[in-house]
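Please work through the exercises below with the sequence and the 3D view at hand, and try each task before reading its solution.

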Amino acid sequence: MVEVRLKDVVKRYGETVAVNHVDLKVEDGEFYTLLGPSGCGKTTILRIIAGFVKPDQGIIYFGDKDVTYLPPYERNTGMVFQTYALWPHMSVHENVAYGLKLRKVSRKEVERRVKETLEIVGLSGVEKRVPAELSGGQQQRVALARALVIEPEVLLLDEPLSNLDAKLRVQTRTEIRKLQKRLGITSIYVTHDQEEALSISDRVAVMNQGSVQQVGIPKEIYENPLNYFVTDFIGVVNFFKGKLVEIDAEKGIATVNLRNGGVLRAQHTMEQGEKLGVDVLLAVRPETIQIHPPQVKTDAPNTYKGRVKVVSYLGNAVRYEVGLDEVESGILKVDVHNPKDKPVIEEGEEALVVIPLDSLRIVHGLEDVKVGVKP
């Protein structure tokens, strides 16, 4: 176990900057996830940490040791690849033992560690099988065992669940998290799946175009995104574009005039350098919005009448798409969880939506951003 630090790391491929002056600190024993869309630089960072890619600039530390130019075999890292990278002609035992044999570990010690590691990942009894005789989930666990058996200081996982079906992904990511907590290995995980990142990580670094946009615990990333990209990328969100026209400092409430004539109010305190009259985006998550039949009486702020365009039954929730004339995007997504005992408003019917003041977040300086509901 060891702390991992990246200091001002840069990697270019021709004119493309894959990693742009990245600073990261992964604590000893932490499960740390690099999250972002394809091409954002997250896998390049992982490969730099592993030693497969040399940075053009910057330093990588394991504890107090500079490992920037050490070859991979001198870094004591275990790597789980997206494709598993198992030897198809070797048995499970031979695949797991491969790294130990390269390190010239004694035969007795190899047997002990392979047996112990296969027990840890729940694969006792399949030692003689070859990868083709295993399910995708079992192959993934063989790859994990191969990385763990060498007793690495740092465990690196590059989209390890991308080849599994949805249900198995959920099951396996839970197993990986439990195993990591049990062993206490410093682990760095790469994924583009927001739900996956939020569910298993101690902390998440959200990346875009080679840069780290925000680092925080999952709750902070989801509930308090720092900028438009993080807000948009994490989960489902409704955006409204308008102009900041008033801030009631005593009540901590901001008023935003929307382009189509509507008005929204949000809990907000004046920030340093903030000015009235600037264009802003308001962001709100679908699950924080209330929806009622039109006859319900309420004097709550941010109440709008609309008409239900689409009703999608999701099992544990119903998602409504409500048309609102006074909102520029025209459509508001609303999620109602545990819908069994709640009245369902049918497509084509009128509805009343209430957007609580404390569910809206203001994002500044985004005049060129197109508003709309993000899937």
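The exercises that follow concern a predicted model, and each is solved step by step.

**Exercise 1. Decide how helix α2 and helix α3 are oriented to each other, and find which residues bring them together.**

Step 1. Begin with the geometry: helix α2 covers residues 92–102 and helix α3 covers residues 107–120, and their axes come within 10 Å and cross at roughly 120 degrees.

Step 2. Compare that angle with the cut-offs, under which 65 to 115 degrees is roughly perpendicular and over 145 is roughly antiparallel, the rest beyond these and the roughly parallel range being oblique; α2 and α3 are therefore oblique to each other.

Step 3. Add the handedness, which is right-handed where α2 passes α3.

Step 4. Look for the residues in contact: on the α2 side they are Val92, His93, Val96, Ala97 and Leu100, and these meet Val110, Glu111, Arg113, Val114 and Leu118 of α3. Sorted by class, this contact of α2 with α3 has seven nonpolar residues, one polar residue and two charged residues.

Step 5. Consider the spacing of such residues along a helix: an α-helix has 3.6 residues a turn, so residues three or four places apart point the same way.

**Exercise 2. Work out how helix α4 is oriented to α2 and to helix α5.**

Step 1. Take α2 and α4 to start with, whose axes come within 7 Å and cross at roughly 30 degrees. Angles under 35 degrees count as roughly parallel, and α2 and α4 are therefore roughly parallel to each other.

Step 2. Identify the contact, in which Val92, Asn95 and Val96 of α2 meet Val142, Ala145 and Arg146 of α4. Four of these residues are nonpolar, one is polar and one is charged.

Step 3. Turn to α4 (residues 136–148) and α5 (residues 166–183), which pack at an angle of about 20 degrees with their axes 11 Å apart. With the cut-off of 35 degrees in mind, one can see why α4 and α5 are also described as roughly parallel to each other.

Step 4. Note that the crossing of α4 and α5 is right-handed. The residues that α4 brings to the contact are Gly137, Gln140, Arg141, Leu144 and Leu148, while α5 brings Leu168, Thr172, Glu175, Ile176, Leu179 and Leu183. Among the residues of this contact, six are nonpolar, three are polar and two are charged.

**Exercise 3. Determine whether Thr231 is buried or exposed, and describe its surroundings.**

Step 1. Locate Thr231, which belongs to helix α8, made of residues 228–233.

Step 2. Judge its accessibility: the relative accessible area of Thr231 is 3%, and because buried means under 20%, Thr231 counts as buried.

Step 3. List the contacts, leaving aside neighbours within four places in sequence, and you will find Pro225, Val237, Phe239, Ala283, Arg285 and Val363 around Thr231.

Step 4. Follow the side chain of Thr231, which reaches the backbone oxygen of Asn227 at 2.7 Å.

**Exercise 4. Which relative accessibilities do Asn76 and Gln209 have, and where does each lie?**

Step 1. Recall the background, which is that most residues other than glycine have a negative phi. Asn76, however, has a positive phi near 55 degrees, and Gln209 has a positive phi near 50 degrees.

Step 2. Place both residues: Asn76 is in the loop between β5 (65–66) and β6 (77–80), whereas Gln209 is in the loop between β9 (203–208) and β10 (211–216).

Step 3. Classify their accessibility: Asn76, at a relative accessible area of 26%, is partly exposed, while Gln209, at 63%, counts as exposed, because the cut-off for exposed is over 50%.

**Exercise 5. Describe the setting of Glu350, and find the residue whose side chain forms a polar contact with its own.**

Step 1. Place Glu350 in strand β19, residues 350–354, and note that its relative accessibility of 42% makes Glu350 partly exposed.

Step 2. Leave out residues up to four places away in sequence, and the residues that Glu350 touches are Pro294, Gly306, Arg307 and Ile345.

Step 3. Choose from these the partner, Arg307, whose side chain is joined to that of Glu350 by a polar contact of 3.2 Å.

Technical notes. Residues are numbered from 1 along each chain as its sequence is written. This is a predicted model: local features need pLDDT of at least 70, side-chain atom pairs count only at pLDDT 80 or more; totals for chains, interfaces and linings use all residues. Side-chain values use heavy atoms; hydrogens and water are left out. Helices (H or I, at least four residues) and strands (E, at least two) are DSSP runs, numbered from the N terminus. Buried means under 20% relative accessible area, exposed over 50%, partly exposed in between (1.4 Å probe, protein chains only). A polar contact is a pair of N or O atoms within 3.5 Å; within protein, one must be able to donate a hydrogen and the other to accept it, and residues adjacent in sequence count only if both atoms are side-chain atoms. Contact means heavy atoms within 4.5 Å. Axes are lines fitted to C-alpha atoms, for helices over the stretch in contact, and angles run from 0 to 180 degrees between N-to-C directions. A crossing is left-handed if the near helix is turned anticlockwise from the far one by less than a right angle, and right-handed if clockwise. Ala, Val, Leu, Ile, Met, Phe, Trp, Tyr, Cys and Pro count as nonpolar, Asp, Glu, Lys and Arg as charged, and the others, Gly among them, as polar.
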